[in-house]
Amino acid sequence: MRRDNQSSVSEFLLLGLPIRPGQQGVFFTLFLGMYLTTVLGNLLIILLIRMDARLHTPMYFFLSHLAFSDISLSSVTVPKMLMNMQTQQQSIPYVGCISQLYFFILFGSLDNFLLAVMAYDRYVAICHPLHYTTIMREGLCVLLVAASWIISCSVALLHTLLLVQLSFCADSVVTHFFCDLIVLLKLSCSDTSLNELVIFAEEGMLSFLPLAIILGSYICIGTIILRVPSTKALLKAFSTCGSHLFVVSLYYGTFASVYFLSSSWDSKDIIASVMYMVVTPMLNPFIYSLRNRDIKQALEMFVNRVNLFKWKSLNPLIAEKSTVRYMS
């Protein structure tokens with residue numbers, strides 16, 4: 001934004017969710033519980049992967065970064081939404097709005113690329129099992145994650161720099177619960193043709209590229225399975241790809257309903273935004289752990305360690321005697 005335009009608007013007003021005043025307390029409790037579940041669940045996934053050496057594999061390496069991205073994506077928007085619901089003060093400073101937009105695009109794009117990287121990992125595991133360790137080596141995994149971060153940061157920075165060049169005049173009411181790029185462009189009294197062109201080009205090149213990688217990976221996986229139509233192969237593929245495929249369907253389904261399938265920005269779109277920014281990050285730890293034997297075993301070992309630590313702290317004399325007896 002030019003210096004002479006910075007005084008045109010100092011803050012925006014977030015209308016928030018279309019909730020009746022009498023229902024604010026119920027939805028505040030609901031979203032607070034969902035946010036805490038998201039943070040604690042994904043932190044637990046990261047902790048288990050770091051602690052258990054059996055989970056030091058490419059799949060869980062990517063999963064730990066996805067869990068961190070999910071925590072960050074929810075933390076960008078949900079705490080501000082909860083604060084507005086509690087205080088009834090819906091204003092957000094200009095700088096805060098721009099910062100929220102930047103990190104929303106960053107972690108939203110990062111989720112997109114990490115899902116594509118995980119799909120490629122599943123493709124190599126099923127289609128090239130004998131060469132999996134040589135292909136998905138540590139250097140390549142780090143390179144894929146680093147590239148995802150760099151591209152996501154660049155995309156977010158590009159949209160943010162273009163946005164701050166615009167002027168925002170009288171209307172500063174954001175008809176959403178966070179600073180979304182599309183809504184902010186509608187509030188601008190400047191020419192937004194360049195912004196829209198960049199959005200169109202970026203969506204075409206970067207957003208559909210991960211989706212194409214995911215679809216291509218699963219088409220190849222399906223082709224391999226059909227060549228050997230056995231129940232054992234089908235169950236193995238489902239156990240390997242089922243969780244990731246479900247997360248992809250949930251993520252892209254809600255994303256498409258927001259930006260491509262809707263004709264206007266109404267309450268249905270806001271609900272869809274809540275789905276992919278609040279509900280999906282909360283469900284990811286459960287989806288990846290409920291049918292995952294390795295995660296279950298790591299969780300069981302973690303619980304046993306915690307119980308042993310509590311037992312030793314509550315019974316120091318018994319623990320000391322047990323240690324002496326063991327050493328003798």
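Q: What makes Cys 97 and Cys 179 a disulfide?
A: In this predicted model, the sulfur atoms of Cys 97 and Cys 179 lie 2.0 Å apart. A disulfide is a pair of cysteine sulfur atoms within 2.5 Å, so Cys 97 and Cys 179 form one. The structure holds one disulfide.

Q: Which parts of the chain does the pair link?
A: The disulfide links distant parts of the chain, 82 residues apart. Cys 97 sits in helix α3, residues 94–127, while Cys 179 belongs to the loop between β3 (173–174) and α6 (181–187).

Q: Why is the disulfide of Cys 97 and Cys 179 called left-handed?
A: Its handedness follows from the torsion about the S-S bond, which is about -130°, so the disulfide is left-handed.

Q: How do you know whether Cys 97 and Cys 179 are buried or exposed?
A: Buried means under 20% relative accessible area. Cys 97 has 0% relative accessibility, so Cys 97 counts as buried. Cys 179 is also at 0%, and therefore counts as buried.

Q: Why is there no bond between the sulfur of Cys 127 and the closest cysteine sulfur?
A: That closest sulfur is in Cys 220, and the distance is 5.7 Å, too far for a bond. The cut-off is 2.5 Å, so Cys 127 and Cys 220 are not a disulfide.

Q: What makes Cys 220 count as buried, partly exposed or exposed?
A: Partly exposed covers values between the 20% and 50% limits. Cys 220 has 35% relative accessibility, so Cys 220 counts as partly exposed. Cys 127, at 16%, falls under 20% and therefore counts as buried.

Terms used. Residues are numbered from 1 along each chain as its sequence is written. This is a predicted model: local features need pLDDT of at least 70, side-chain atom pairs count only at pLDDT 80 or more; totals for chains, interfaces and linings use all residues. Side-chain values use heavy atoms; hydrogens and water are left out. Helices (H or I, at least four residues) and strands (E, at least two) are DSSP runs, numbered from the N terminus. Buried means under 20% relative accessible area, exposed over 50%, partly exposed in between (1.4 Å probe, protein chains only).
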